[in-house]
Amino acid sequence: MTTMQRIQHDGTGGSHEADESSPFAPQTPQEVEAMLSAIGADSVEELFDVPEAVAFDGEFDIEAKSEFEVVTEIEDLLGRNADRTEFLGRGHYDHYVPSVVDYLSLRSEFLTSYTQYQPETSQGFLQALFEFQSMIVELTGLDVANCSMYDAATALGEAAALAARVRDTSGSRVLVPETIRSERRSVLENYADGAELTVETYPLVDGNTDFDALSDRIGEDVVMVYAESPTARGTIEERLSDVAALADEHEAAFCLGSDPVALALLEEPAAVGADIVIGDASVLGLSASHGMGLGLFAVKEGYLRQVPGRLVGTSETADGRRAYTLTLQTREQHIRKERATSNICTNQAWVALRTAIHVASLGATGLSSLAEECVTRAAETAARLDEIDGVSAPADDRHHFREFVARTERPAAEVASELADRGFLVHEVGEYEIQVCVTETNSGEVDDLVAAVREVLV
Amino acid sequence: MTYETPDELRYTDSHEWIDDRGDARRIGITDFAQDELGDVVFVELPAEGESLESGAACAVVESIKAVSDIYTPVSGTVTATNDAVLDQPELLNTDPYGEGWLFEIDGQVPEDALDADEYREQIE
Amino acid sequence: MNYRQATWGRETEGGEAVNEPLLSEKRTETVTHDDVDLPDELVREELTLPEPAEPEVASHYTRLSQMTYSVEHGPYPLGSCTMKYNPKFIEDVAALEEGAIHPDRPDEYAQGTLAVLHGLQEYLAEIGGMATATLQPPAGAAGEFTGLLVARAYHRSNGEDDERREVIVPASAHGTNFASAAMCGYDVVELPSDEDGRVPVDALEEAVGDSTAALMLTNPNTLGLFERNISEIADIVHDAGGLLYYDGANLNALLGRARPGDMGFDIMHYNVHKTFATPHGGGGPGAGPVGVTEELAEFLPRPRVRERDGRYELYDPERSIGKVHGYQGNWLVLVKAYAYIARLGDSGLEDTSAKAVLNANYLAEQIDYDIPYGPFHHEFAATAGDRDAADVAKRMLDYGVHPPTTKWPEFVPEAMLTEPTESENLDSLDDLAAAFDAAMTDSEEELEAAPSKTTARRIDQADAARNPRLSWRALDEEE
């Protein structure tokens, strides 16, 4: 958007009377007359069948504004967000999104269409979603991926519900790592509650699953074991196959939480024995967006009929051409109602489109390089911070992806606050622990961050 | 539209048919039922050896647009299942009384099962 | 109108007829990670993904876009979806760099975002006649789930959750209502409608009692009819100790004229991608904020935004149900809704419901179909009579329009649930009416052969479901 467009201009178009009308309703007063005449009504009010007792005669006190006024107002409001460099992660990440993603996804054909209830006229979007599913299948190695859930947390909730449904015998517990974001856990608990499951944690030691403790906690009544790699602390798990085997022994599903960039590099989930993979795929496709996400959800073949959400499959047209269509809809709410696999209807389809365009733009080569950088940058930044007296990084003696925890001699709250004063935002994760996330979008300021930390720890 | 309703079979008002084959009763869905459902895409059968009470939901038939529970009209133990329909669910559409059968069960035909005429009346 | 949707007849290398080959059918690349500083056992063996160059990405997706019908092509009258025009300026607002922040920022560094969120909370509460709202649920169905969690928390706080295990849902309700109730652990009691298509007060009285947690309704209902007895309905439910839940799908009919809070609803969700014009995006993202009465506010998801001396802060309501989204909902959608409401204001919002209802009534007048239930508002259920509604819909595609929702609600035979919205002009409505009528009068052969002018001819749904091929890997394996 260029400054040229910010000319005082109200943009309503000239064909309306006194601007009491919506700028997005095209009917002229003459047309309204003609339509009322055709209907046989004297006024629009006559068409409403709202009893007096519940009619609303008041005002919301929301003043209509011009486009220019609204844009300016919101710019001013958002301008109150402090200008800081974020070294934040822990589940929401900022990678560079190439311009081609915006220009293609914002095409109004994609943006303003809806769920492909008439597939013959929606082949384009259906193919894009099929390709998104396919990319997730390649990244996870699992057989089936749906074309989106809301975010990682709700995808995790749905995974637990699925795990309970597929089990032959009933169970009641879900085990999650103690490093799981508390917000993610809370969402899981709400989904679990409806499925009559309780959520318990198992400890990590030095940023990796404490296998012995997990073995103690698991039992016949566990329907799902969930692990994250990378964990919320940025550590890469080293014994995922063992966790999978342990879950399998107890007839629990093994669900792995990750994201497409990490998946491009780390052990393939299918290879380590994951039954389900969830996570946030919007790490590609969306830059920082205040937590809006894209839930990825992939499962092995045996769980297919229990999968929540929309699935796009292929078929043939009457004239023998390949076509794409929503399929296996009998799992879904509009047919199964209360016996549906989930209530999800509107999902994050347009975000999935953006993610697919982003993955296509990167290719295997670009995506792998990006992933490798996530390892390198985390290691290098940790090493540089470790050189500072009063900082020990990484706190966990493990390999890291994108981010790491650093132990500080001064209380983390003070360190974080003083770094913020100097223009940098980091996480406080413990009394003496901060967490730093580095991607290509903030790597240019790592030098300044290091200098600032040095100042703060003096 | 007239639906095939073989005279020698018995029926339920939830559109299952019962064929008394001597050592077991064979169960399936009627021509009317398959027509209502549309193209069948998936079938779930009870397990052999499973013990069922009459009226229990024991199988599921899915079409593109609907899911139907199948209720066993006969009590007893399931003695056989027609696994062919797992791979070829369309058999329920093309041959609902023949190759599209669902399972066999050892209990007796209930007294209140409808005969062909009574069922035909119902579906009109 | 002589309509033709874009189509490209191509063949894959394997000789399969397609429109646009898959990315995987053009060029893929397999990479291994030899250089990374990680032990081999922590690294995947290899990765294979398509690797098109940017010009190829651009043409691939441009062609896909041209094979996708949208609101900007013409009428898209899906019932209860409110496929209205999506203003462009709201996209620019969502793209503002200043809004691109991380949700874990301490409040003091996120005052702008919190101000917008707070503003939207207030706008929605006003419009719905509720005390306050949460913006966290990322879709309408998620809003239903959230609203029912609030209901459950409320009953728990009164020690009545063990008894109140039932949620009553009209037979005509959207499938998500049933599914959301089940996800909360409730049993669903289905209420048939009366012969006028509305909630039967007598049957409702029978159905409510000590086991009732809530009644879920949309008003106008899915036939477009206003529940005239809503005050009585509210009393019946409240007298039985239950809560009244409003499904906001049809709010477009009432903007500025009636508010769920005034009708006695305790909890409501809004569909901002319907009523508040945020784009549908091919199936999302949307947002499903939930409004509640004062009494229920303490149960809302955490955190919420409040204002204290001109500063905004996040806080956790005392007896919050916890979270329904990993962060604070679909920010990029919420900011668009804020922009739309701010643009329209009172007058624009009221005009919206007026034009929505006018358009629906005019369209109904123009088409030659029976509409068994009325008086309707912003949507109506026509019946295709002795023709198959699905076939009629497929034939309508050939006339360059998107057909209405078919076969729902179930108790209208061959239903065609139609909601034109306020955005369609007279020409467009006339085109749509012409398509309705032409499809109805075309021959059986023409209907069975439809669609023939869209990118794809009729697709074999049975084969898609019997033999699911859900990825390009599955297609490769089939070969």
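Two residues count as in contact here if their C-beta atoms, placed from the backbone, lie within 7 Å. Keep that in mind for the first exercise, and remember that this is a predicted model.

**Exercise 1.** Work out how many residues chain B and chain C each put into their contact, and what kinds of residue chain C uses.

*Solution.* Start with the head count: chain C gives 4 residues and chain B gives 5 residues. Now sort the chain C side that touches chain B: 2 are nonpolar, 1 is polar and 1 is charged.

**Exercise 2.** Find the strand order of the open 3-stranded sheet in chain C, and say which strands sit at its edges.

*Solution.* Step one, read across the sheet: the order is β14-β16-β15, and the pairing is antiparallel. Step two, look for strands that pair on one side only: those are β14 (380–383) and β15 (405–406) of chain C, the edge strands. Step three, zoom in on one pair: β15(C) runs antiparallel to β16 (residues 415–418) of chain C, over 2 bridges. In that pairing, C:Thr405 faces C:Leu417 of β16(C). As a reminder, strands in a sheet pair through backbone hydrogen bonds.

**Exercise 3.** Describe the stretch of chain B that UniProt annotates as a domain.

*Solution.* First, get the label: an unreviewed UniProt entry puts "domain: Lipoyl-binding" at residues 24–106 of chain B. Next, check the secondary structure: that stretch is 18% helix and 40% strand. Finally, check its two ends: their C-alpha atoms are 5 Å apart.

**Exercise 4.** Look up the confidence scores for chain C and for the model.

*Solution.* Chain C averages a pLDDT of 96, with 100% of its residues scoring at least 70. For the model, ipTM is 0.98 and pTM is 0.95.

Terms used: Residues numbered from 1 in each chain as written. Chains lettered and ligands numbered in written order. Predicted model: local features only at pLDDT ≥ 70, side-chain atom pairs only at ≥ 80, totals over all residues. UniProt positions renumbered as here; feature names shortened; annotations may be inferred. Helix = DSSP H or I, 4+ residues; strand = E, 2+ residues; numbered from the N terminus. Pairing = 2+ DSSP bridges. pLDDT = per-residue confidence, 0-100. Nonpolar A, V, L, I, M, F, W, Y, C, P; charged D, E, K, R; others polar.
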